[in-house]
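Okay, thanks for squeezing me in today. Let me put the structure up and we can walk through it together.

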Amino acid sequence: MTPASDPATATSLPIGSDADLAWVRHQVRQFAAELGFGLVQQTKIVTAASELARNTLVHGGGGQARITPLRNGPASGLQLVFIDTGPGIRDVELAMTDGYTTGGGLGLGLSGARRLVDELAIETEPGQGTVVTLVAWVSRASAVRPGSG
Amino acid sequence: MTAPLPVPGTPAVPVLALGNILLVTLQGDLHDGMAEQLQQDITERIAHSAADGLVIDVSGVDIVDSFLGRVIAEIAASARLMAARTVLCGMRPAVAITLVELGLTLPGLETVLDAARALELFAQAPSGAGPDRSEGGT
């Protein structure tokens with residue numbers, strides 16, 4: 001299953017401030033709504049995006065978010081990629097544990113975001129930055145548009 | 001003296017006083033800096049007024065992530081240390097579902113469905129006594 005993600009349709013947004021986080025949330029919401037995600041799924045995706053964008057800002061020292069609509073046959077989805085060139089994550093498994101935090105937060109960012117979307121993948125090396133990729137597919141039950149089959 | 005400046009162009013969240021109750025209505029997308037500023041504003045308002053109740057209305061909020069959730073929990077905790085009771089109201093269904101899945105259930109935070117019910121609650125139980133009012137039993 002290789003969903004078509006055309007880089008030409010990717011939208012890149014900078015992440016360097018509080019205001020950028022708000023803009024990323026806004027844009028992700030817009031994409032998700034246009035793709036036919038229902039309200040609950042939209043809320044989950046935007047929340048996951050907010051967690052990861054904040055990680056990019058706080059832990060990665062800033063970076064960018066890439067939003068790409070996906071198509072796989074009749075299915076619509078959204079891919080979000082968060083890229084930073086910060087210190088990287090030393091122990092990904094530990095970072096994915098509920099309650100683990102280095103940033104004074106609740107430690108729910110990564111582990112919580114994973115529960116809110118269909119796929120979450122992390123590529124990181126200490127000193128080499130971090131790339132987190134999220135994918136969510138419109139679930140038929142919550143689709144806004146009636147599926148034409 | 002050196003309060004952190006809010007992000008330029010983002011208005012602070014208004015805190016309304018209704019008798020002994022402070023009403024805070026969160027709207028739209030709250031920037032992180034604004035949320036932290038709000039925590040400071042509210043605790044100062046409680047300290048300088050006789051407020052013993054705090055209502056946080058989140059009916060206008062699209063998403064609550066772990067950061068905003070933590071700020072709300074910390075506002076409630078600091079209000080409690082200053083003898084004010086906090087009630088959260090108006091959470092949207094999609095936000096509630098998302099928060100549970102995120103793992104942020106905000107235990108210990110009192111909730112009601114809407115602002116009217118929050119004010120009723122305070123009308124029934126004045127003086128910030130909280131749900132436990134057994135000591136005054138006649």
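So, look at L88(B): across from it, in β5(B), stands T111(B). Keep in mind that this is a predicted model. Strand β4 of chain B covers residues 85-89, and 3 bridges join it to β5(B), with the two running parallel.

Now zoom out to the sheet. It's an open one in chain B, 5 strands, in the order β1-β2-β3-β4-β5, and the pairing is mixed. β1 and β5 of chain B sit at the edges with a single partner strand each, so each has one side without a neighbour in the sheet. From one strand to the next, the twist averages 25 degrees.

What packs on this sheet? One helix that does is α1(B), which touches β1, β2 and β3 of chain B. Its direction makes about 170 degrees with that of β2(B). Then there's α2(B), touching β3 and β4 of chain B, at about 155 degrees to the direction of β4(B).

Let's stay with α1(B) for a moment. This helix has 17 residues, 32-48, which should span 24 Å at 1.5 Å a residue; the end C-alpha atoms are 25 Å apart, so that agrees. Among its buried residues are M34(B), L38(B), I42(B) and I46(B). Residues three or four places apart on an α-helix point the same way, because there are 3.6 residues a turn. And what covers the buried ones? The cover includes β1, β2, β3 and α2 of chain B, together with α1 of chain A.

Last stop, the largest nonpolar core, with 67 residues. A49(A) and I56(B) are among the members touching the most others. Leaving aside neighbours within four places in sequence, A49(A) contacts V24(A), R25(A), V28(A) and L80(A).

Methods: Residues numbered from 1 in each chain as written. Chains lettered and ligands numbered in written order. Predicted model: local features only at pLDDT ≥ 70, side-chain atom pairs only at ≥ 80, totals over all residues. Helix = DSSP H or I, 4+ residues; strand = E, 2+ residues; numbered from the N terminus. Expected span 1.5 Å × (residues − 1). Buried ≥ 20, exposed ≤ 12 C-beta atoms within 10 Å, placed from the backbone. Contact = placed C-beta atoms within 7 Å. Core = buried A, V, L, I, M, F, W, Y, C linked by C-beta atoms within 7 Å. Pairing = 2+ DSSP bridges. Axes fitted to C-alpha atoms, helices over the stretch in contact; angles between N-to-C directions.
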